[in-house]
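Trainee: I'd like to go through this model with you piece by piece, starting from single residues and working up to the whole chain.

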Amino acid sequence: MDIFRHGVAIIGAGLMGLSLAERLISIGTTPYVAARRPAAELAATLGTQARAIDVADIADLPPKAPVFLAIPLSALETIPAAALDGRLAIDVANYWPRLDAAGRFAQDPRGTSLVTQELFPATRVVKTLNHLAYSDLSFDARPSSADYRRGQCVAADDAEARFAAALIVDALGFAPVDAGALANGRLFGPGTQIFNGGWRTAEQLARILRRLGDHQAAPFDLGERGDCPGRERQSAGSEKYVGGAN
């Protein structure tokens with residue numbers, strides 16, 4: 001797909017990471033997957049449709065290749081910051097006490113993406129795809145032409161990165177909702193109405209976000225798609241992260 005023509009990487013080979021890889025493969029994309037295990041060992045798990053790499057090797061991918069962060073929050077500090085410098089990083093993780101209680105994320109369990117941004121200051125961190133189960137990535141995905149699609153909130157401080165992530169969410173089969181700044185990720189983290197509420201349309205999510213916060217949340221207007229999600233009308237500068245010129 002055009003939207004992933006620069007490549008796409010996933011850090012994490014757990015349930016969510018592998019589900020993301022499977023979903024990307026199903027829409028015609030070959031993802032790079034990195035984990036704590038060496039690439040040679042990981043390759044045996046992934047099969048032939050995804051490419052195993054070491055985390056440090058992400059720095060060698062094209063600068064416009066986005067990266068999914070699909071590992072426990074407590075493991076984020078093991079990622080070399082240089083691997084994510086200048087990239088769009090999609091944070092799909094949540095705070096889970098059993099895994100993360102001993103780290104800095106315990107100080108603000110619902111604002112964990114803000115800590116992630118602090119860890120990677122040269123990265124554009126976006127919070128999304130964290131309020132659905134790993135199995136829902138394939139089960140609930142629908143084409144853009146469908147009458148009803150499951151919504152996904154998208155929060156980031158950088159508006160261009162937020163729009164670029166919305167294109168990715170759309171390509172994966174979900175309707176993205178502009179949730180505003182990265183701090184608004186706390187409105188759809190564990191324990192919230194959105195997180196606990198299950199399947200909702202983008203319009204329903206936007207109404208909840210407007211009621212809970214001060215951002216005028218709304219479903220993204222991605223314009224005319226055509227057959228390929230990479231052809232949507234992009235806001236000025238969004239090609240910086242997705243689908244831009246080489």
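**A proline in a loop**

Trainee: In which loop is proline 31 found?
Mentor: Ground rules before anything else: this is a predicted model, where local features need pLDDT of at least 70, side-chain atom pairs count only at pLDDT 80 or more, and totals for chains, interfaces and linings use all residues. Residues are numbered from 1 along each chain as its sequence is written, and side-chain values use heavy atoms, with hydrogens and water left out. Helices (H or I, at least four residues) and strands (E, at least two) are DSSP runs, numbered from the N terminus. On that footing, proline 31 is found in the loop between H1 and strand S2 (32-34).

Trainee: Does proline 31 count as buried or exposed?
Mentor: The labels go by relative accessible area: buried is under 20%, exposed is over 50%, and partly exposed is in between (1.4 Å probe, protein chains only). Proline 31 comes out at 0% relative accessibility, so the label is buried.

Trainee: Which residues does proline 31 touch, not counting those up to four places away in sequence?
Mentor: Touching means a contact, with heavy atoms within 4.5 Å. Leaving out residues up to four places away in sequence, proline 31 touches Val8, Ile10, Ala21, Leu24, Ile25, Gln49, Ala50 and Arg51.

**An asparagine under cover**

Trainee: Why does asparagine 130 count as buried?
Mentor: Asparagine 130 is found in the loop between strand S6 (124-127) and helix H6 (136-139). Even so, this residue counts as buried because its relative accessibility is 2%.

Trainee: With which side chain does asparagine 130 make a polar contact?
Mentor: A polar contact is a pair of N or O atoms within 3.5 Å; within protein, one must be able to donate a hydrogen and the other to accept it, and residues adjacent in sequence count only if both atoms are side-chain atoms. Beyond four places in sequence, asparagine 130 touches residues including Gln152, Phe188 and Phe195. At 2.9 Å, its side-chain polar contact is with asparagine 94.

**Strands with two covered faces**

Trainee: How many residues of strand S8 are buried?
Mentor: Look at both faces: Ala175, Val177 and Ala179 are buried on one side, and Pro176, Asp178 and Gly180 on the other. S8 (residues 175-180) is therefore largely enclosed by the rest of the structure, its buried count being 6 of the 6.

Trainee: Which strand runs antiparallel to S8?
Mentor: Two strands pair if DSSP finds at least two bridges between them. Strand S7 (residues 151-155) joins S8 through 5 bridges in the parallel sense, with valine 154 opposite aspartate 178. The antiparallel case has 2 bridges, and there valine 177 of S8 partners proline 219 in strand S9.

Trainee: Which strands pair with S5?
Mentor: S5 also has both faces covered, with Leu88 and Ile90 buried on one side and Ala89 and Asp91 on the other. Leucine 69 stands opposite aspartate 91, while alanine 89 has valine 125 as its bridge partner. These belong to parallel pairings: 3 bridges to strand S4 (residues 67-69), and 4 bridges to S6.

**A helix and its cover**

Trainee: What covers the buried residues of H5?
Mentor: Helix H5 (residues 112-119) has 6 of its 8 residues buried, so the rest of the structure largely encloses it. Those buried residues are Thr112, Ser113, Val115, Thr116, Gln117 and Leu119. Their cover includes S4, helix H3 (81-84), S5 and S6.

**The nonpolar interior**

Trainee: Which element gives the most residues to the largest nonpolar core?
Mentor: A nonpolar core is a set of buried Ala, Val, Leu, Ile, Met, Phe, Trp, Tyr and Cys residues joined through side-chain atoms within 4.5 Å. The largest has 40 residues, and Leu20, Phe68 and Leu172 touch the most other members. Helix H1 (15-26), helix H2 (39-46), strand S5 (88-91) and helix H7 (159-172) each give two or more residues. The top giver, with 10 residues, is H7.

**The whole chain**

Trainee: What share of the residues count as buried?
Mentor: The secondary structure comes to 9 helices and 9 strands. Among contacts with a separation of 6 or more, 66% join residues 24 or more positions apart. Of the 246 residues, the buried share is 54%.
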